[in-house]
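This briefing walks through the main sheet of a single protein chain, the helices that pack around it, and one residue in its interior. Please keep the sequence and the model in view while reading.

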Amino acid sequence: MEKLPGAAERFRGKTVLITGATGFIAKLVVEKILRLQPEVKRLYLLVRAADQVSAKQRVRSEIFQPLRDKYQTHFNFWFWDKVFPLAGDVSLTNLGIGDARLAEDVRKETYIIVHMAATVNFAERYDTALEVNTMGVKHMIEFASKCTNLELVLLVSTAYVNIIMEKGIIMEKPLQQWRSFDGRFNLDLSEEMAFKEAKLKELVSRNASKHNIRNTMKKIGAERARKFGWANSYTFTKAMGEMLAYEQKSRLPIVIIRPTAVASTLNDPFPGWIEGAKAIDTWISNYGKGQLKFFPTDVTTVIDVVPADIVVNAMLSIISYHPQGTTDFIYQIGSSVTNPLKIAMSSFYEIMDKHYKVPLQDMLRRGLSTAEDHHIYNHLKREYDFTVAVAEVYWSFTIPKMRYDDSKMQNLMAMMTERDRELIPCNTRVINWNKYFMETHIPGVMDYESRELTRARI
């Protein structure tokens, strides 16, 4: 096996195209590449924006403060010499890059593509999820096929394209190509696109309101996902995006990474940084607000969580160490096998029955004879409905008992130099979960909630 130069050298003098560049993980990727290799040639950052000026505004973030501190007065010159925001949209052909000459320059210069553009809303409307999570991959592949110096395409998927309710180990393997999750039914992307278009046309012809259209398309997304065996429109459309990538594996250097539930940073660029409420953070913030009394999980469940900077480091290790010519092209990064996080609590179903379902049934049986009875019943019913709604959205992440194998990721780590194990550590074995949650993640989530509240008041 050829000796690989290491992560820093992998990016020296190279141009990287990153889609979804204003996302939580993407910002960390940009920051880490710039910190790891200041002599990277250029980072093209595809941003959904009306023009280049707007795209540049969207790239700014407090995450770059450590770099700003390092370069001080030279930061702006150095940063914008390396970083080139691109106004575009992955749901459009040519990635929505309107300037043909600029698009051609990007294709000529790009060596590495990191495709991260996605909508991660688990209850996303079906048309939006299809356009971004599935067709976005198609458009990225079409663009990548015209990149003359392309060395690698890293597609960021999710471990939850694989979901089983029973105990078991999910391996780093492809899904069944264009089949339902259980393999019983054919799955045809063109039919799904036509179905989506027909439903939209039907709603418009009935003069449905925007609110009605949005809710109907969300409902359709959940229904189509369940029909073919996935938990929600997010995982379903991400799965179809993977399937599009499988088709191109023989002619494009495509590699897929599947992170599990991503949480705040463990260390880099500073502990506890997070943007947006992730799956586990929804429970934490709502529990802290008193809106959620119980976590929707089960006593036998292992929660698979991975800090964001560990995911970023895993991505950089794949870009730097993935062997050429191998048939393996899927890596999972998580913790449920190597360092499982167990939630010590009673069964969610038992708690819901004891604290909500039985008392509500008893109250109805006795009758609601006073205003106070109605108040107590309505309050309890609201809590019950809210908890059930959260559980229904996140059941695929909190109730199942499977674990995600990361053997190939572990093998890749074994190939890394000692220096890279320090620079881009991605081994979840070393994480002390109790310390991480109590001292880093929960304070980070609360800090984010506080920032958002302050921003909303301004």
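The centre of this account is an open sheet of 7 strands, which are paired in parallel and follow the order β3-β2-β1-β4-β5-β7-β11. Because β3 (83-88) and β11 (330-333) stand at the edges and each has a single partner strand, one side of each is left without a neighbour in the sheet. From one strand to the next, the twist averages 20°. The model is a predicted one, and its protein chain contains 17 helices and 13 strands.

**The chain as a whole**

- Of the 458 residues in the protein chain, 53% are buried.
- When contacts between residues at least 6 apart in sequence are considered, 82% of them join residues at least 24 apart.

**Pairing within the sheet**

- Strands of a sheet pair through backbone hydrogen bonds, and the pairing may be either parallel or antiparallel.
- Strand β4 is joined to β1 by 3 bridges in the parallel sense, and L17 has I113 of β4 as its bridge partner.
- Strand β4 also pairs with β5, again in the parallel sense, over 4 bridges, and here H115 is found opposite L155 of β5.
- Strand β5 (residues 152-156) runs parallel to strand β7 (residues 254-259) and is joined to it by 4 bridges, with V156 standing opposite I257 in β7.

**The two faces of β4**

- In a regular strand, the side chains alternate between the two faces of the sheet.
- Strand β4 (residues 112-115) is covered on both faces, since I112 and V114 on one side, and I113 and H115 on the other, are all buried.
- H115 therefore appears in two roles, as one of the buried residues of β4 and as the residue opposite L155 in β5.

**Helices against the sheet**

- Helix α2 packs on the sheet, where it touches β1 (15-18), β2 (42-48) and β3, and its direction makes about 165° with that of β2.
- Helix α5 (residues 75-82) lies across β2 and β3, and its course is at about 50° to β3.

**Helix α2 against helix α12**

- Besides touching the sheet, helix α2 (residues 24-36) packs with helix α12 (residues 308-321) at an angle of about 60°, the two axes being 9 Å apart.
- At that angle, α2 and α12 are therefore oblique to each other, and α2 passes α12 in a right-handed crossing.
- On the α2 side, the contact is made by F24, I25, L28, V29, K32, I33 and L36, while α12 contributes A308, V312, N313, M315 and L316.
- Sorted by class, this contact of α2 with α12 has 10 nonpolar, 1 polar and 1 charged residues.

**A buried leucine in α4**

- Is L67, which belongs to helix α4 (residues 65-71), buried or exposed?
- L67 counts as buried, because its relative accessibility is 2%, whereas the cut-off for that class is under 20%.
- Leaving aside residues up to four places away in sequence, L67 touches E31, L34, R35, F75 and W78.
- L67 and F79 are separated by 12 residues in sequence, and the distance between them in space is 8.8 Å from C-alpha to C-alpha.

Definitions and conventions: Residues numbered from 1 in each chain as written. Predicted model: local features only at pLDDT ≥ 70, side-chain atom pairs only at ≥ 80, totals over all residues. Heavy atoms only, no water. Axes fitted to C-alpha atoms, helices over the stretch in contact; angles between N-to-C directions. Parallel < 35°, antiparallel > 145°, perpendicular 65-115°, else oblique. Left-handed = near helix turned anticlockwise from the far one by under 90°. Contact = heavy atoms within 4.5 Å. Nonpolar A, V, L, I, M, F, W, Y, C, P; charged D, E, K, R; others polar. Pairing = 2+ DSSP bridges. Buried < 20%, exposed > 50% of the residue type's maximum accessible area, 1.4 Å probe, protein only.
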